[in-house]
Amino acid sequence: MESLAAVLRRVPIFANLPRGSFATIIADLREEQHAPGAVICYEGDAAQDFYIIKSGSVAVFVNRGNQRELIAVSGPHEWFGERALFSDRPRSATVVARTEVVVWRLTKEKFDGLIEENPRLILHFTQVLSDRLYRGNQDFSKVQAAFSNQMEALFRKQSEERRRLLARSAILGRLEPRVIEALTDVADAADMLSDLERDGGFVIRREGALSYLDAVREYLLSQLAQEIGADGVKALHLRAAKIYVAEGRWDRAVVHYIDGDDFFGATTLIDKHLEPLIADRRVDLLRGWLEQIPAAIVAEQLPNVYQRLERAAGGKKRRPVPGMHGLRARSAILAVAWPWIGAALGLMAGGFFALRPPFEGLSVEGMRMLALLAWAAVFWAFDVLPDYVVGLVMILGWIIFGVVPAEVAVSGFTTGPFFLIIGVLGIGASLQSSGFLFRMALQILRRFPLTHRGQSLGLALSGTAITPGIPDVTSGVAIASPIILALSDTLGYARRSNGSAGLAMAAVLGFGQMSPFFLTGAAENLLAWGLLPEASRGDITWMGWFLAALPLAVVTFALAFVATMLLLPPETQPTVSPGLIETQIEALGPLSNAEIVNAVVLIGAVIGWVTGPYHGIDAAWVAMIGLAILLAANFLDRVTFRSGIYWDFLFYLGAVLSLTSVVRHLHVDAWVIRLLTPFVEPMTARPSVFLLALALSVFASRFVLPSFPLVSVLVITLAPIAIPAGIKAMALTLVICTTTAVWFLPYQSTYYLALYFGTKEKAFSHSQVRLVAWSYGLIYLTAIALALPYWRYLGLLP
């Protein structure tokens with residue numbers, strides 16, 4: 001049996017599609033089953049889906065006047081509806097299942113998503129459609145010219161009486177002698193029709209009745225218009241309508257009333273017979289009529305007709321849930337008011353710090369910085385403005401209000417992490433474009449159960465396994481971003497659905513939240529280790545760190561995974577089968593040169609990051625070297641480079657990174673140290689209380705200080721106090737590094753933002769995952785509390 005990949009390759013628009021995009025199309029196909037007689041799509045409906053028949057057969061009908069005419073029967077491995085992918089025009093035919101039929105459906109939304117993520121495919125499809133249109137126009141022009149010449153000669157050979165019958169009866173969908181005689185005043189119409197059928201060329205018998213061939217009818221109508229003019233044609237239609245009304249065939253009369261511009265006559269008949277029409281499932285016919293009648297006349301003569309159509313198409317009306325209308329109304333009001341509430345609170349928070357005298361030990365400029373940060377934090381929390389706009393305004397505030405010199409305010413745009421993100425996102429865009437990331441996503445799918453939990457677990461475990469080898473958490477999360485989108489699409493989840501958000505948060509767990517438990521899992525870990533006294537630093541090894549962090553890791557992974565599954569339950573189950581995955585892998589074929597080069601660059605970058613302590617090249621420049629190679633070799637073209645990097649995110653990232661320099665320049669970090677020391681020192685006599693209080697202090701400090709300066713401040717400040725009290729450096733640094741990994745608001749975590757923007761804001765929204773973010777505070781506190789007896793057993797606590 002022919003595979004889906006082979007069938008799809010026979011569709012002209014997909015025949016020469018790049019392998020990665022071709023496999024993505026297969027991933028987006030959804031299998032549907034229809035019972036015999038079921039209408040798959042109606043003529044006149046909005047066209048939004050393309051179909052390939054897997055098994056069974058369908059009948060394709062078009063409305064000709066008041067009749068459905070069968071024009072085709074399609075079976076396995078044939079397709080219909082491809083125009084829906086490129087045009088907003090309504091369906092041109094009604095498709096009905098003749099037997100039990102199974103189809104693969106591709107939505108326009110998924111197809112548009114593929115174009116958005118791979119803009120260069122626009123050129124591919126434009127070329128294919130242009131070639132088909134050019135060839136079709138050439139062939140049509142030749143055929144049309146030959147046909148017109150033949151029809152002209154054949155028509156002129158007929159007698160005057162027969163020409164009169166031919167031209168005037170062309171307005172009819174079916175050729176019935178009785179109607180033709182009443183319409184044309186030509187006697188013996190039955191004999192003339194018999195002669196025409198015998199001679200051939202003009203008429204054809206369809207389903208037991210005579211009618212004109214489509215092209216012949218068009219020619220005859222043009223002759224009729226030349227003979228009697230447009231008004232004469234309309235008068236002839238109205239005459240036909242009255243004939244059909246007299247015979248009780250109202251549906252045919254409607255067609256002629258519409259063609260004769262007597263819309264009131266048409267709507268009167270429609271209103272009289274509306275219920276039987278809907279009961280007979282002739283929704284497509286009714287919609288076709290309504291589209292030809294001016295909207296004002298429909299509204300006046302047929303009020304609520306479209307609502308009745310929607311009810312007929314939607315089946316049984318759902319019973320309203322008591323109080324639901326009021327709840328939705330209140331929710332709508334809150335959604336509108338929420339940003340305004342946030343704006344007011346933000347201005348109040350900023351004003352509180354800006355208008356009061358400086359705190360002891362803090363300068364006027366430091367207070368202004370706190371005022372701008374408080375304003376920005378509230379605006380970010382309430383999504384009052386886009387993230388990057390708030391960040392840009394904060395930078396401008398630092399400069400305009402003289403908080404810091406301009407070079408300090410924009411220093412984040414010259415830091416290593418800023419260029420690291422550019423390099424990693426660029427490499428990720430190239431990996432995605434080549435199809436290598438999609439191949440990796442398929443391999444993950446193969447190795448874990450095809451359920452939401454199974455795939456989420458696969459992502460979380462994969463991230464945990466990779467984390468020790470990538471000391472920069474942001475780069476690991478950024479690389480995972482396109483894989484998350486590919487997995488989400490393959491599993492059939494809509495963008496920003498709970499299913500998609502759950503996958504993203506599973507990746508955050510593996511690639512981000514597990515990073516504190518490996519010495520090389522995060523740069524903050526290495527920073528804390530490097531700031532310890534030399535004697536304490538020598539006591540910490542990679543394996544020692546891992547063993548001490550083991551209970552933290554197990555508890556965090558278990559609780560966080562359960563929380564993610566509970567807080568983000570998928571709306572639907574995955575709609576993918578093992579067979580479909582194998583088909584996608586078949587479509588990808590062997591590794592292409594682009595995939596091989598991209599894989600080599602990725603592996604080289606990971607090796608460069610892991611071996612950074614030995615060669616001394618910063619992770620940012622390792623990533624930029626990889627990006628430069630891909631750009632120079634043209635594996636990452638200009639279009640993909642522009643679309644693959646979220647440039648507005650870089651404005652936001654630059655503002656967050658600049659915050660570190662601003663805090664240090666204004667000595668806010670020293671102020672925090674002086675503020676904390678009197679509270680911290682007495683607690684060291686009770687290590688468990690001290691470490692739990694430290695965790696809570698870190699949570700509060702994270703609203704003001706980024707992770708790097710906070711780790712620096714805490715290690716430098718607390719190590720001289722805690723270590724003499726018997727609290728080993730291992731336990732102290734583990735608590736500091738673990739709790740600084742938490743985030744309550746988006747601006748507090750660069751790797752969370754890398755994931756958010758790396759998935760092009762399509763996988764989840766900030767508000768959607770807010771409870772998951774907040775739960776990590778409780779999870780980390782629980783993990784630390786449970787680890788305390790274990791640390792005491794290891795001798796890390798007195």
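**Notebook: salt bridges, a helix pair and nonpolar cores**

I began with Glu32 and Arg105, whose side chains meet in a salt bridge with an N to O distance of 2.3 Å. I note at once that the model is a predicted one. Glu32 belongs to strand S1 (residues 30–34) and Arg105 to strand S8 (residues 101–107), so this pair ties together parts that are 73 residues apart in sequence. For Glu32 I looked up the relative accessibility, which is 21%, and entered the residue as partly exposed.

I then turned to Asp49, whose side chain also meets that of Arg105 in a salt bridge, here at 3.0 Å, N to O. This pair, too, links distant parts of the chain, with Asp49 in strand S3 (residues 49–55) and Arg105 in strand S8, 56 residues apart. Is Asp49 buried or exposed? Its relative accessibility is 14%, and because buried means under 20%, Asp49 counts as buried.

Next I looked up Arg249, which forms a salt bridge with Glu176, the closest N and O atoms lying 2.8 Å apart. I placed Arg249 in the loop between helix H8 (214–246) and helix H9 (250–259), and Glu176 in the loop between helix H5 (160–168) and helix H6 (177–184), so that I could record the 73 residues that separate them in sequence. Both Arg249 and Glu176 are buried, and both belong to a network of salt bridges that also links Arg178, Glu247 and Arg252. Searching the whole structure, I find eleven salt bridges.

I went on to the packing of helix H21 (residues 452–466) against helix H26 (residues 542–567), where the angle is about 145 degrees and the axes are 11 Å apart. The crossing of H21 and H26 is right-handed. Which residues make the contact? From H21 I listed His452, Arg453, Ser456, Leu457, Ala460, Leu461 and Thr464, and from H26 Phe557, Phe561 and Met565. Sorting the residues of this contact by character, I get six nonpolar, three polar and one charged.

Last, I looked up the nonpolar cores. The largest has 122 residues, and those with the most contacts inside it are Met369, Trp398, Met505, Phe764 and Trp791. I followed Met505 further and, leaving out residues up to four places away in sequence, found that it touches Thr564, Leu568, Tyr752, Leu755, Phe764, Val769, Val772 and Tyr776. Apart from this core lies another, of 60 residues, and among them I noted Val254, Tyr257, Leu286 and Ile293.

Note on methods. Residues numbered from 1 in each chain as written. Predicted model: local features only at pLDDT ≥ 70, side-chain atom pairs only at ≥ 80, totals over all residues. Heavy atoms only, no water. Axes fitted to C-alpha atoms, helices over the stretch in contact; angles between N-to-C directions. Helix = DSSP H or I, 4+ residues; strand = E, 2+ residues; numbered from the N terminus. Left-handed = near helix turned anticlockwise from the far one by under 90°. Contact = heavy atoms within 4.5 Å. Nonpolar A, V, L, I, M, F, W, Y, C, P; charged D, E, K, R; others polar. Salt bridge = Lys/Arg side-chain N within 4 Å of Asp/Glu carboxyl O. Buried < 20%, exposed > 50% of the residue type's maximum accessible area, 1.4 Å probe, protein only. Core = buried A, V, L, I, M, F, W, Y, C linked by side-chain atoms within 4.5 Å.
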